[in-house]
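Hi,

Here is the structure I said I would pass on. Have a look at it first, and then read my notes underneath.

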Amino acid sequence: MAYRYWCGECGFKTPWLTEPQGRQAQIDHYTRNHPDTPPGGDVERGHRPSTAAAFTCAGLIGAAVLLVLLAAACHP
Ligand SMILES: [Zn+2]
């Protein structure tokens, strides 16, 4: 599971990180950009984009295998 922290003051989002890394990245952002504002905003939880890409790749391979099987079934 990866976490992305959203700034409540501007459009800043941290990269996908672990929870402690993301929290620290957001605190660093507030220290730099909003020094008078306590850290806030939202936390987005999800999978890393690379994981989603891997699932897409597996889906394409599955579709290719299915097409080969269908082609084989049509030519006895
Ligand atoms: Zn900000």
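**Starting from Thr 37**

Find Thr 37 first: it sits in the loop between helix H1 (19-33) and strand S2 (42-46). One thing to keep in mind as you click around is that this is a predicted model.

Is Thr 37 buried or exposed? It has 11 other C-beta atoms within 10 Å, and a residue counts as exposed at 12 or fewer, so Thr 37 is exposed. Leaving out residues up to four places away in sequence, Thr 37 touches Glu 9 and Tyr 30. Glu 9 is 28 residues away from Thr 37 along the chain, yet the two C-alpha atoms are separated by 8.5 Å.

**Stepping back to the chain**

Now zoom out. The chain has two helices and two strands, and from the N terminus they come in the order β-α-β-α. Of the 76 residues in the chain, 8% are buried. If you take the contacts between residues at least 6 apart in sequence, 40% of them join residues at least 24 apart.

**The two strands**

How do S1 and S2 pair? Strand S1 (residues 2-6) runs antiparallel to S2, and five bridges link the pair. To see one of these on screen, pick Arg 4 and look across to Glu 44, its bridge partner in S2. S2 lies largely in the open, because zero of its five residues are buried.

**Helix H1**

Next, go to the helix that comes before the Thr 37 loop. H1 is 15 residues long and spans 21 Å from its first C-alpha to its last, close to the 21 Å expected at 1.5 Å a residue.

Which residues of H1 are buried? They are Gly 22, Gln 26 and Tyr 30. These three cover an arc of only 75° around the axis, so they end up on the same side of H1. Tyr 30 is also one of the residues that Thr 37 touches, so try showing both together. S1 is among the things that cover the buried residues of H1.

Then turn the helix around. On the face of H1 that points away from the buried side, you will find the exposed residues Pro 20, Asp 28, Thr 31 and Arg 32. Colouring this set one way and Gly 22, Gln 26 and Tyr 30 another will let you see the exposed face and the buried residues in a single view.

Shout if you get stuck anywhere.

Cheers

How values were computed
Residues numbered from 1 in each chain as written. Predicted model: local features only at pLDDT ≥ 70, side-chain atom pairs only at ≥ 80, totals over all residues. Helix = DSSP H or I, 4+ residues; strand = E, 2+ residues; numbered from the N terminus. Buried ≥ 20, exposed ≤ 12 C-beta atoms within 10 Å, placed from the backbone. Contact = placed C-beta atoms within 7 Å. Pairing = 2+ DSSP bridges. Expected span 1.5 Å × (residues − 1). Arc of directions from axis to C-beta.
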